[in-house]
Amino acid sequence: MTHALHSAIASHTWLHFYQMQNLVERAPIVIERGEGAKVYDHNGKEYIDALAGLFCVNAGYGRKEIADAMHAQALKIHYVSSFSYPNEPAVRVADRLADLAPIAGDGEPRIFFVSGGSEAVESALKISKQYQRARGYRGRYKTISRRIAYHGTTMGALSVTGLQSVRAPFEPLVPGARHAPMPLPYRCPYCAHESACNLACVREIEDIVEQEGADTIAAIITEPVQNSGGCVVPAAGYYQRIRDLCDRTGIVMIMDEVICGFGRLGYWFGTEHWNVKADIITCAKGLTSGYSPLGAAIVKQEIADVFLGEERNKLMHGITFGGHPVSAAAALANLDIIEREALPQRAQESGAYLMGRLKEALDSSRIVGDIRGLGLFIGIELVKDKGTRESLHGEADMAWLSDELLARGIICRADDRLDPVIQLSPPLIIDKEEMDRVVTVLDEVIEGLEQRVIK
Ligand code: PLP
């Protein structure tokens, strides 16, 4: 790396959720190019990107077909005002999403486009609140989400986020946000040591509704498999109970599919695994496989129709780049690839293979407590003691782990925000050889970590 580039990074660049001091002190890796499931840095070093960028490069790197679609759209017309006119590629994406998304009701879903996940969540919350008011419930402003969940950084999305460290610097947040426990069998206070889940975690949500009063609550928002906390997969029946609760009380059920959508869990939308339908689905990331920023709130007709009629009924919300034509063209080409290459099916098969190989390789490790996930979204929870499930905390150990994985050419997340979990979320086109390589490196590095922590 040239001195000028490092100096520009050290002085002027500000990565997100990142301690920039690290880059002042040492020259960072600059990722310059990608192909399939692999990326290459400025020194030409190859990495398997087992995180798909940031859970978004579902169709893989180097897709000429997507780049070509964006190029053609940019030359035709690159921008149309989202406040005034529909644009054709966005309309076509809306049509596709309306067909694909598991949305409740018999009607036709309406799609509100934005430019990312936080805005999608922000929009879903605002739509829910204005919808409740329009129905005459002025006091329905509260939300229920889960502890530890991450739903984004704007103030509304941050309020439903349940990570205290992320929320604390910005309090007070939007009033009325309530947080229920995570449905994590491995660490559940009710069923961790039982033979089966008794769904006490969903009873906590029902209890909040009862205690607060259903007529104060606008929406419940959950992520099908919760990323934060490490691939938290709720038991069968969990989302059906939330669906029933929402049906009984008129609370809007929002599924945040920003990560889980577009094949990640082995379905077009993760919600399908539980055989339920949401009132609103939020999505982003995999919608364009990260080729261009785009997000959406997919809204059931019964809710969207409330905003029709008089001028004053309209949704009082909008952003300049919602449904950007070039992003929409990227989404169309990306959806074509996902469909043609049956990537949800492929994620199911590859996910089963990767899970099997990981269990084979890591089950005997003394510091691997739990391996969980769905499709190509897998978490490996590390513990100090398998018997007691005592957590393996230690920033230095997790930093060592991340550095070691990177040095051996594997990008994944060694997440230490709660109990430490290694997260795998590769492009859905990852092949067997690449998955085998990920398992081999993880096996070696986890063994090295075991020797560091258990003396
Ligand atoms: N919702 C979920 C479940 C997410 O994982 C994220 C980001 O990781 C967001 C919302 C926010 O998305 P964005 O970073 O595109 O604003």
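Helices, taken as H or I runs of at least four residues, and strands, taken as E runs of at least two, are DSSP runs numbered from the N terminus. The structure described here is a predicted model. In this numbering, Pro-172 lies in the loop between α8 (164-167) and β6 (177-180), and the peptide bond that leads from Glu-171 to Pro-172 is cis, with omega near 5°. Pro-172 is also among the residues touched by Met-155, which, leaving out residues up to four places away in sequence, is in contact with Glu-122, Phe-170, Pro-172, Leu-173 and Val-174. Met-155 itself belongs to helix α7 (residues 155-160) and is partly exposed, since its relative accessible area is 39%. The C-alpha atoms of Met-155 and Leu-173 are separated by 6.5 Å, although their positions lie 18 residues apart along the chain when counted as sequence separation.

Two residues other than glycine were found with unusual backbone angles. Most residues other than glycine have a negative phi, and most peptide bonds are trans. Phe-262, by contrast, has a positive phi, near 60°, and Asn-275 likewise has a positive phi, of about 60°. Phe-262 is placed in the loop between β8 (252-256) and β9 (280-283), and Asn-275 is found in the loop between β8 and β9. Their surroundings can be set out by accessibility: Phe-262 counts as buried because its relative accessibility is 0%, whereas Asn-275, with a relative accessible area of 68%, is exposed.The ligand is surrounded by Gly-116, Gly-117, Ser-118, Tyr-150, His-151, Gly-152, Glu-223, Asp-256, Val-258, Ile-259 and Lys-285. By residue type, this shell divides into 3 nonpolar, 5 polar and 3 charged residues. Polar contacts to oxygen atoms of the ligand involve both backbone and side chains: a polar backbone atom of Gly-117 is 2.8 Å from a ligand oxygen, a polar side-chain atom of Ser-118 lies 2.6 Å from a ligand oxygen, and a polar side-chain atom of Lys-285 lies at 3.1 Å from a ligand oxygen. Of the 390 Å² of accessible area that the ligand has on its own, the protein covers 81%.

The largest nonpolar core comprises 106 residues, and those with the most contacts inside it are Leu-97, Leu-358, Ile-380, Leu-382 and Leu-424. Leaving aside residues up to four places away in sequence, Leu-424 touches Ala-50, Leu-354, Leu-358, Leu-376, Phe-377, Ile-378, Ile-380, Cys-412, Val-438 and Leu-442. Apart from this core lies another, of 22 residues, which includes Val-252, Ile-254, Ile-303 and Phe-307.

Ser-425 is found in the loop between β16 (421-424) and α15 (432-453). With a relative accessible area of 0%, Ser-425 falls under the 20% limit and is therefore buried. Beyond its neighbours within four places in sequence, Ser-425 is in contact with Ala-50, Leu-51, Ala-52, Phe-55, Arg-264, Leu-376 and Phe-377. Leu-376 is also touched by Gly-351, whose contacts, with residues up to four places away in sequence not counted, are Arg-346, Gly-375, Leu-376 and Ile-378. Gly-351 lies in helix α13 (residues 343-362) and counts as buried because its relative accessibility is 5%. Between Gly-351 and Met-255, which are 96 residues apart in sequence, the C-alpha to C-alpha distance is 22 Å.

Asn-334 has its place in helix α12 and is buried, since its relative accessible area is 0%. Residues up to four places away in sequence aside, Asn-334 touches Ala-59, Ile-66, Gly-286, Leu-287, Thr-288 and Ser-289. Val-306 is found in the loop between α11 (301-304) and α12 (325-340), where its relative accessible area of 25% makes Val-306 partly exposed. The contacts of Val-306, not counting residues up to four places away in sequence, are with Tyr-131, Ala-134 and Asn-313. The C-alpha atoms of Val-306 and Gly-34, which are 272 residues apart along the chain, are separated by 45 Å.

Key
Residues numbered from 1 in each chain as written. Predicted model: local features only at pLDDT ≥ 70, side-chain atom pairs only at ≥ 80, totals over all residues. Heavy atoms only, no water. Buried < 20%, exposed > 50% of the residue type's maximum accessible area, 1.4 Å probe, protein only. Contact = heavy atoms within 4.5 Å. Core = buried A, V, L, I, M, F, W, Y, C linked by side-chain atoms within 4.5 Å. Near = heavy atom within 4 Å. Polar contact = N/O pair within 3.5 Å; in protein donor to acceptor, adjacent residues only side chain to side chain. Areas by Shrake-Rupley, 256 points an atom, 1.4 Å probe, with all protein chains shown as cover. Nonpolar A, V, L, I, M, F, W, Y, C, P; charged D, E, K, R; others polar.
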